[in-house]
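Please open the model in a viewer and keep the sequence panel visible beside it. The tour below proceeds by selection, with a short account of what is found at each stop.

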Amino acid sequence: MKLSQFKFKLPEEQVALHPSYHRDECRLMILHRESKKIDMYKTDENGEPLKDKEGNPVFLDFRNVLEHFDEGDTFVFNDTKVFPARLFGTKEKTDAKIEVFLLRELNEEMRLWDVLVEPARKIRIGNKLFFDDSGTMVAEVIDNTTSRGRTLRFLYDCPHDEFKRELFALGEAPLPRYLVDKRPATQDDMNDFQCIFAKNEGAVTAPAAGLHFSREMMKRMEIIGINFAFITLHCGLGNFHDIEVEDLTKHKMDSEQMFINAEACRLVNDTKKAGKHICAVGTSVLKATETAVGTDGLLKEYEGWTNKFIFPPHDVVLADSMIANFYHPYSTLLMSTAAFGGYDLVMEAYEMAVQNGYRMGCYGDAMLILND
């Protein structure tokens with residue numbers, strides 16, 4: 001497929017700058033992959049849309065997801081944990097303000113980190129950056145990696161746990177650039193931009209579809225008898241990089257680290273063998289499971305990296321349902337959603353979403369794709 005096929009007009013006011021007041025109260029749109037039907041509204045027992053006091057149809061909300069799953073079905077969640085990756089420092093001598101975005105720790109003992117810097121033109125090998133008023137958190141630039149990429153060595157002599165705690169105390173939630181260009185990150189964002197089941201630290205952006213799950217909703221799922229399988233894929237900034245080629249087969253994704261353990265495999269494979277539903281919660285779960293699925297259609301244990309790029313046409317092997325957010329035009333996340341739901345149906349849903357005021361982006365509304 002071509003990049004230009006994923007263009008749509010996204011009104012600026014429909015980009016969600018903040019999450020819903022309650023995690024599970026965003027709007028929901030349901031796509032039926034086989035019948036090509038799209039549902040937006042709550043209905044009564046006769047299938048007629050429910051109306052509010054003003055006579056307007058009532059939109060589905062995220063909690064309506066549970067109406068489509070039963071005992072023995074399995075939801076696959078990404079339990080990666082976002083860390084406060086965006087720091088602001090000052091350059092030695094000039095006091096120029098520099099944004100440093102932490103990507104990953106390269107060496108614990110040497111305090112080496114792979115980072116992005118902005119503005120990059122001001123930062124050269126040998127420069128020192130100061131991150132607090134006391135001058136105790138200092139980093140030296142020791143290498144250039146890409147046009148904006150640098151390797152920093154933090155000059156902080158203490159046990160590693162204390163260093164990480166002090167470093168992260170200086171950071172803020174790594175909201176996508178399209179958000180922080182509109183408003184600053186707040187302390188609330190470190191909670192809002194984190195799934196309630198987040199466990200394994202390493203992500204620099206949240207697996208957005210998982211943000212909608214509240215503790216109350218997951219308790220209801222437990223009562224129904226729905227299984228939870230947890231995999232880990234540390235979501236990176238590659239999800240937001242511009243695609244610079246028209247032919248999507250020529251686009252190279254950044255690699256992301258992922259882990260799938262034996263327990264997740266057992267849960268998912270038992271569900272599949274029993275003929276029950278497997279729901280991939282988000283494009284990161286889709287990427288991970290499609291990376292680790294075997295030729296027999298079953299999930300395999302995995303520890304390593306993936307740069308799998310899922311776009312139409314793609315025959316999904318493992319999951320038969322999926323939850324996704326509404327993403328930006330030309331994004332790889334939109335392309336993965338279209339690969340699962342079918343290009344024509346998903347793009348029709350996006351057109352309806354724009355017309356009906358759905359909110360887009362990581363804090364936006366959600367889509368459930370069913371195989372019926």
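Select strands S13 and S15 to begin: the two run antiparallel and are joined by 5 bridges. Strands and helices are DSSP runs, numbered from the N terminus, with at least two residues (E) for a strand and at least four (H or I) for a helix; two strands pair if DSSP finds at least two bridges between them. The model is a predicted one, in which local features need pLDDT of at least 70 and side-chain atom pairs count only at pLDDT 80 or more, whereas totals for chains, interfaces and linings use all residues. Residues are numbered from 1 along each chain as its sequence is written, and side-chain values use heavy atoms, with hydrogens and water left out.

**The open sheet**

Within the S13–S15 pair, display Met258, whose bridge partner in S15 is Gly304. Then add strand S12 (residues 227-233), which runs antiparallel to S13 and is joined to S13 by 2 bridges. Here Thr232 has Phe259 of S13 as its bridge partner. Colour S13 (residues 256-260) by face: Glu256, Met258 and Ile260 form the covered face, while Gln257 and Phe259 form the uncovered one.

Extend the selection to the whole sheet. It is open and consists of 9 strands in the order S2-S1-S17-S16-S14-S3-S12-S13-S15, with mixed pairing. Strand S2 (37-39) and S15 are the edge strands, each pairing on one side only. On average, neighbouring strands of this sheet are turned by 20° against each other, direction ignored; axes are lines fitted to C-alpha atoms (for helices, over the stretch in contact), and angles run from 0 to 180 degrees between N-to-C directions.

Next, select S16 and strand S17 (residues 366-370), an antiparallel pair joined by 4 bridges. Ile323 stands opposite Leu368 of S17.

**The barrel**

Select S5, S6, S7, S10, S9 and S8. In that order, these 6 strands form a closed barrel with antiparallel pairing. From one strand to the next, the twist averages 45°. Focus on strand S9 (residues 138-144) and strand S10 (residues 149-154), which pair in the antiparallel sense over 5 bridges. Val141 is placed opposite Leu152 in S10.

**Backbone exceptions**

Most residues other than glycine have a negative phi, and most peptide bonds are trans. The next four stops depart from these patterns.

- Select Glu118 and Pro119: a cis peptide bond joins them, with omega of about 0°. Pro119 is in the loop between strand S7 (112-118) and strand S8 (128-130).
- Select Pro312 and Pro313, joined by a cis peptide bond with omega of about -10°. Pro313 belongs to the loop between strand S15 (302-306) and strand S16 (321-325).
- Select Arg111, a non-glycine residue with a positive phi near 60°. Arg111 is located in the loop between strand S6 (97-107) and S7. Arg111 is buried at 8% relative accessible area, where buried means under 20%, exposed over 50% and partly exposed in between (1.4 Å probe, protein chains only).
- Select Tyr330, which is not a glycine yet has a positive phi of about 65°. Tyr330 lies in the loop between S16 and helix H7 (332-341), and its relative accessibility of 35% makes it partly exposed.

**Helix H6**

Is helix H6 enclosed or open to the outside? Select residues 283-292: 9 of the 10 residues of H6 are buried, so the helix is largely enclosed by the rest of the structure. Among the buried residues are Val285, Leu286, Lys287 and Glu290.

**Cysteines**

How many disulfides does the structure hold? There are 0 disulfides, a disulfide being a pair of cysteine sulfur atoms within 2.5 Å. Select Cys26 and Cys362: the sulfur of Cys362 is the closest cysteine sulfur to that of Cys26, but at 12 Å it is too far for a bond. Cys26 is buried, with 1% relative accessible area. Cys265 is likewise in no disulfide, and the nearest cysteine sulfur, in Cys279, is 18 Å away. Cys265 is buried at 6% relative accessible area.
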